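Here is a short tour of one structure, written to be read with the model open beside you. Take your time and follow along on screen.

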Amino acid sequence: MSEGYDVLLRDGGIAHVRPLCPGDRAALHELVERSSERSAYLRFFTGGRSTAHAYMDRITSGVYRGHALVAALRGRLVAVAEYVPMDDGKADLAILIDDAVHGHGLGTLLLEHVALDAAEHGVGTLVADVLAENRPMIRVLHDLGLDVARRFEGGMMHLDIAARPTARLREGVEARDHEAARTSLARVLAPRSVAVIGASRNERAVGHKVLRNLLDGGFDGPIHPVNPHAAEVAGLACHAKVPDGVDLAVVAVPARHVLEVARDCAQAGVAGLIVLTSGFAEAGQQSVEGELLRICRSAGMRLVGPNCLGVVNTAVRLNASFLPHRPVQGRVALLSQSGAVGAALLERLDVSSFVSVGNKADVSGNDLLEYWEDDPATDVIALYLESFGNPRKFARIARRVGRSKPVLLVKSGRSGAGGRAVRSHTAAAATPDVAVDALTRAAGVIRLDSVNELIDTAKLLAGQPLPEGRRVAIVGNSGGPQAMAADACERSGLTVPELPPGLLDARAAAALGNPVDLTADATADELGAAVEALVASAEVDVVLIVYTPPFGSGLDRTRQAIAEATKTSGKTVLACVVGHDGVIDGRIPSYAFPEQAVAALARAVCYAEWRRGPAEPAGADVRVDGRAAREIVEAELAASPQGCWLSPAATARLLACYGVPLVESLEVDSPDSAAEAAGRAGLPVVLKAVGPVHKSDVGGVRLDLRTEEQVRQAYREMAARLGAEMTGAIVQPMVPGGVEMIVGGVSYPAFGPLVMVGMGGVMADLLADRAFRVAPVTGAAGMIEELRCAALLHGYRGSPPVDAEALADRITRIGRLLDDLPQVAELDLNPVIVTADDAVTVDARIRVAPCEPPPSPLLRRLR
């Protein structure tokens, strides 16, 4: 927090927030002078401005013991908020805001941040004394979302505000953040006026193409070409500089002039900047891009790009891009981090709006999700991303947005193996791409492997209602493609049920069971009648029409019949017109191949099921000793500041804090101590080397040792084989047989912790049967059922069932541990032996490493 950060305000403006410093004294006195007598009275009571000036001297002195934040708007300090701790766990709360920025949401935002900081520093209650007539401040404090107790005495309202965050605060922060982000982009995506800086008379120049697209697209607001070397371009009078009050400026000048142009736009009060120019971070000029962002943030301008194609909003006829063709209006909002991919998508998708974010210096997918959530022209949101700026925030926003509008994602870079060396089973399996999968799955985002899959899925979701179930009726004129469609349905987990007798007319049909083969001679009217009967049936959820042209009545007449048969249907309908991609009647997606259609349908079915589920799955009530766990981790990192693998004893203590018991383990360092420990543990025993991570691979595990002499000999042989790599050993009693599983975790700073469950023991890597979730885990049972080996837990081919619920409990507890302790970098419980009545961890490895605590999701800030 010491360096400060930028925040969005309710009106879409941008403020810079940072801790107070002694050098702010003069600016604070200026703030007092700008305040009205009324404001000074409400804040400082009868003392007014004189008390205010004295107070500013005190808080910038060396003896100030409070915590204060200041906010600057367009380079001017406009607010200060503070809390001063007392000795009883309470702190005095106060705030002063420039009269000129009242009503912008800055006061609420600062109070949020001060309250979060106070709670982090152990303050339990914030105390505020407010004049009863200061109703706006009383309302702000009450609406903040924290628990407030009020008491009225002698014209003064005394408020005790619990600093502990609440669900109501979380909801309020989310709502206020949403409003600010949406408002900040309104003048970018729906501007009242546009300036094109670098508008050229050369028809091949980017600036000319943008101007031409704005004119040809029919934008009905003022368009201002800016070119100091021309009197007019495309019939419009030119400006030497951007005129005052323009909402959106599109910059198409060489990179060396961009900063100067940005400063001109800042001075003119431009609300948003689209920088098409390349030559910034993508060319190694990170510092120049950083300065561009600083100029924009200081002036309250949102920045799209640099190095982008521009912005399109078909709903307001805005084409502020240099695309070679005019986008077609539709219901899909599209973001692309790649200009080439974006241009290709626009040739096959009809869009409500399109944003090419380029280097994504400012405006990102998170911002656009906030805007498109409320956009009445958008039904589906499609994203092509090469990187996440703030993946945890993305997941939070996407989870909320996905409840009303599907979010589709193609994320490039699936093959990256991660940029760090790992040694545990879990860390080796949990690549960054696996983290993206887990994150998007938890958020209900439909992740796709290719642009073609994105187009196929978007067409279905934009034109059709969500499927109400998995029952698919297949009808058409060609048995082969219909059989392929049925096979694809079964492979995708969809069902193709037998249709009830009498549902369809048996005349001219080769098969009525499902698929319904009407034969190649079926006319368009006959196909239409069959489709009409199927969409009216309660026995199916989806109707898939498979037509092979030119048979029957031909392509055009068949499409017309499909449109007529489904025009009043509320059921999901899609078509495979063999060899032809497209859309029938503007609403029924049509695919060239059956597998294409079924793949898109399967994604829509899974999304619909997620959407019908609970918005926030209830987490299990897990009792833990978080304080003791933190003390263990802090002590280990104090002894090993660079991080370390925990000793067996420390591992056992940490797991015990979360209710995850380990089999009794006795540490030994010689053949004799091993034999003695075996006697105490009770023979037969297991001997395991300490040191190597994958002990089985190097002969570091000996099972079923039945005598103390066998234990001694096993230790000697193990030490001889491993040499210095073996730093000791542990002795454990043998555990009854069961199903061997692995439960693990790994933490990525950007994505947060992931939890893994899979087939354990020596088969963990060979079979790679694993499932992942973002921590904390709220559906451990469902996670287990994804595994191919799940049948082993429930009894397979005569084997007795084991306690899967105990395994789910261990997964949940490990998820809580990883969520609470970001310093836990890697964790393996392998194997966890699941028996008839328990899930016993017989081996565990935990690595801790120093890390910055993750930012609070309640701290509103621009990345």
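## Before we start

Strands here are DSSP runs of at least two residues in state E, numbered from the N terminus, and two of them pair if DSSP finds at least two bridges between them. With that in hand, one more thing to keep in mind: this is a predicted model.

## Strand S37 and its partners

Let's begin with the hairpin, in which four residues join S37 to S38. These two strands pair in the antiparallel sense, with three bridges between S37 and S38, the latter covering residues 839-841. If you would like a spot to zoom in on, look at Ile833, which stands opposite Val840 in S38.

S37 has further pairings to explore. Strand S34 (residues 739-748) pairs with S37 over seven bridges, in the antiparallel sense; here Met741 has Val832 of S37 as its bridge partner. Strand S39 (residues 844-848) also runs antiparallel to S37, and five bridges join them. Val824 has its bridge partner, Val848, in S39.

How buried are the residues of strand S37? Of its 11 residues, spanning 824-834, 11 are buried, so the strand is largely enclosed by the rest of the structure. Buried here means under 20% relative accessible area.

## An open parallel sheet

Elsewhere you will find an open sheet of five strands with parallel pairing, in the order S10-S9-S13-S14-S15. Strand S10 (223-226) and strand S15 (302-304) are at the edges; each has a single partner strand, so one side of each is left without a neighbour in the sheet. On average, neighbouring strands of this sheet are turned by 20° against each other, direction ignored.

For a closer look at one edge, follow strand S14 (residues 272-275), which pairs with S15 in the parallel sense over three bridges. Leu273 stands opposite Leu303 in S15.

## The second largest pocket

Now for a pocket. The second largest one has a volume of about 1,000 Å³. It is lined by 41 residues, and the closest to its centre are Arg43, Ala94, Ile95, Leu96 and Met137. Among the elements that give two or more residues to this lining are helix H2 (37-44), strand S5 (90-97) and helix H5 (135-143).

Which element gives the largest share of the lining of the second largest pocket? That is S5, with six residues. As for chemistry, the lining residues of this pocket divide into 23 nonpolar, 10 polar and eight charged.

Technical notes:
Residues are numbered from 1 along each chain as its sequence is written. This is a predicted model: local features need pLDDT of at least 70, side-chain atom pairs count only at pLDDT 80 or more; totals for chains, interfaces and linings use all residues. Side-chain values use heavy atoms; hydrogens and water are left out. Buried means under 20% relative accessible area, exposed over 50%, partly exposed in between (1.4 Å probe, protein chains only). On a 1 Å grid over the protein atoms alone, a cavity is a set of points where a 1.4 Å probe fits but cannot get out, and a pocket is an open set with protein on both sides within 12 Å along at least five of seven lines; lining residues have an atom within 4 Å of a point. Grid points are joined across faces, edges and corners, and a volume is the space filled by probe spheres set on the points. Ala, Val, Leu, Ile, Met, Phe, Trp, Tyr, Cys and Pro count as nonpolar, Asp, Glu, Lys and Arg as charged, and the others, Gly among them, as polar. Axes are lines fitted to C-alpha atoms, for helices over the stretch in contact, and angles run from 0 to 180 degrees between N-to-C directions.
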